[in-house]
Amino acid sequence: MAIATEIFTSTSELENIFSTGARQAAELGKAILVSYTVPIDAANPIELFGRAHQLNQTAFYWARPDSNFTLVGAGSAFEIITEGESRFETAAHEWRELLQDALILNEDDVWGSGPALMGGYSFDPLYKRSSLWEGYPDGLLILPKVQLTFSDNRCYFTANVHLNADTDTWDKAEEIIQLYNALVQPAHLDYEPGRLAFEELLPARTWKNIVETTAEDIAKGKFKKVVLARAARVTAENKIDVARMLCRLEASYPTAITYAVSRGEQCFAGATPERLVRLQGGLVQTMALAGSIARGATSEKDNRLGDSLMNSGKDRSEHAIVVGMIKDAFEKVCSEVNVPETPQLLKLKNVQHLLTPVIGRLAADKSILQLVEQLHPTPAVGGLPGREAIAAIREREQLDRGWYAAPVGWLDRRFEGEFAVALRCALVKGKAATLFAGCGIMGDSNPDSEYAESNLKMRVMLSAIENS
Ligand SMILES: C=C(O[C@H]1C=CC=C(C(=O)O)[C@@H]1O)C(=O)O
């Protein structure tokens, strides 16, 4: 896709709309949201995001290459930062307030265009936060200043501003145009990352011991399943090119959701196969994804591995636990729930998983944030029983998961949208990146196999960085 260089709208056109908003704000005696959407010529979404990151702008990237949908947000017109266990409810309340009396101009109103909140949540709001995840609070939803929606080969630009009667509307309009003009400049660095040094955050032996004792506790009946994660730090010789890393992820994982959230010098990014929930037109879609095995070098070996995953008692029970939890959660809020009896194989570049898609029709008026709250953490990233498994992770794992394995996504003004589970990810800062991966531990788990499985999962980001 070519980079759009032409200005899609003039400062005076934007200023006109903003001053209508400012007059409305004066009448109401409060600040309001003004959002304006127009179709534009094609732009390159990864370049836009990469450039926003280079400019140290808060930015968001979300793409499903196989479904031709990409969302990019840059700058923040408004941020909803929430803490603790009420973080989803508080965010929904703030969004509702912001939308009240908003001036929204969006003629075509296609999915993902118009004002949208974009961001994510931490895995466990009760875990003591470390400096690693600075800038990524328990809950962060951004209403970007500049938002681009790419849907079915059409491209829409949305400008969002929060203004009051005293706002200099000309300045605001210029700020948006200048930001857009800065974003359409090329984002690639002119050097490669060079050799990567790899370092475990916790020695492999220690992690395997934790897996072993947890598996023993599961075998004794203390838990049914606990997902344990580990992290590793890679350091390159040169700065990691985030735009090239995203290109690489999309090319290698077209069926996954490629996502990124940039905060200052840091960028949290990944390509996850796991949708947490999508809500569109009252239809709710999610999936159970748990149970993993490597890919084979030949199609014969690959099929043999796939068959052994389908027939593995350990993996099928690990998977069934996730299906059960999702089904229970859906039955509470949906009138119709469809859950296939047998999982299917999801074949990714270097790993295959057991997958069960789950679909339901919402019975009552619910926001996607309520669904996210209900589903997170699924036993695919936490365990069962949920509360006990999370407590075990908190005590045993010795890892600040931050936003790893947590909800990342976006929602629109109807409270519909999509969230994924932030897996196969890394937190990048300059030359360094911290990679995260976890495995579902059952009573018969083997620590060496789980360690190897987590390496396969880390490979996603490792090769995206290596080849960036
Ligand atoms: C926790 C992760 O994967 C989950 C999703 C798919 C398969 C999984 C497994 O087989 O253990 C995990 O539950 C991760 O990628 O870090």
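How exposed is E466? E466 is partly exposed, with a relative accessible area of 36%; here buried means under 20% relative accessible area, exposed means over 50%, and partly exposed lies in between, using a 1.4 Å probe and protein chains only. Welcome to this predicted model, in which local features need pLDDT of at least 70, side-chain atom pairs count only at pLDDT 80 or more, and totals for chains, interfaces and linings use all residues. Residues are numbered from 1 along each chain as its sequence is written, and side-chain values use heavy atoms, with hydrogens and water left out.

**Salt bridges**

- Side chains of opposite charge can pair when their charged atoms come close.
- Searching the whole structure turns up 23 salt bridges, each being a side-chain nitrogen of Lys or Arg within 4 Å of a carboxyl oxygen of Asp or Glu.
- One of them joins E200 and R230, at 2.9 Å from N to O. This pair links distant parts of the chain, with E200 in strand 8 (residues 197–200) and R230 in strand 9 (residues 225–235), 30 residues apart. Strands (E, at least two residues) and helices (H or I, at least four) are DSSP runs numbered from the N terminus.
- The two partners differ in their surroundings: E200 is partly exposed at 21% relative accessible area, whereas R230 is buried at 3%.
- E397 and R401 also form a salt bridge, their closest N and O atoms being 2.7 Å apart. E397 is buried at 2% relative accessibility, and R401 is buried at 3%.
- E466, met in the opening question, pairs with R459, with 3.0 Å between the closest N and O atoms. R459 is partly exposed, at 34% relative accessible area.
- Elsewhere, D109, R413 and R414 belong to one network, joined by salt bridges that share partners.

**Two helices that pack**

- Helix 2 (residues 45–54) packs against helix 6 (residues 242–252) at an angle of about 145°, and their axes are 8 Å apart. Axes are lines fitted to C-alpha atoms, for helices over the stretch in contact, and angles run from 0 to 180 degrees between N-to-C directions.
- On the helix 2 side, I46, F49, G50 and H53 meet V242, A243, L246, C247 and E250 of helix 6, where contact means heavy atoms within 4.5 Å.

**Nonpolar cores**

- In soluble globular proteins, nonpolar side chains tend to be buried together.
- The largest nonpolar core holds 88 residues, and W95 and F419 touch the most other members. Such a core is a set of buried Ala, Val, Leu, Ile, Met, Phe, Trp, Tyr and Cys residues joined through side-chain atoms within 4.5 Å.
- Helix 8 (residues 313–333) supplies the largest share of this core, seven residues.
- Apart from the largest core lies another, of 69 residues, with I46, Y180, A433 and M461 among them.
- Setting aside neighbours within four places in sequence, W95 has contacts that include L33, I80, P115, L143, L411 and F415. R413 is also among the contacts of W95.

**A loop residue to look up**

- E192 sits in the loop between helix 4 (169–183) and strand 8, and counts as exposed at 55% relative accessibility.
- Beyond neighbours within four places in sequence, E192 is in contact with N238, R244 and S468.
- From E192 to T378 there are 186 residues in sequence and 38 Å in space, C-alpha to C-alpha.
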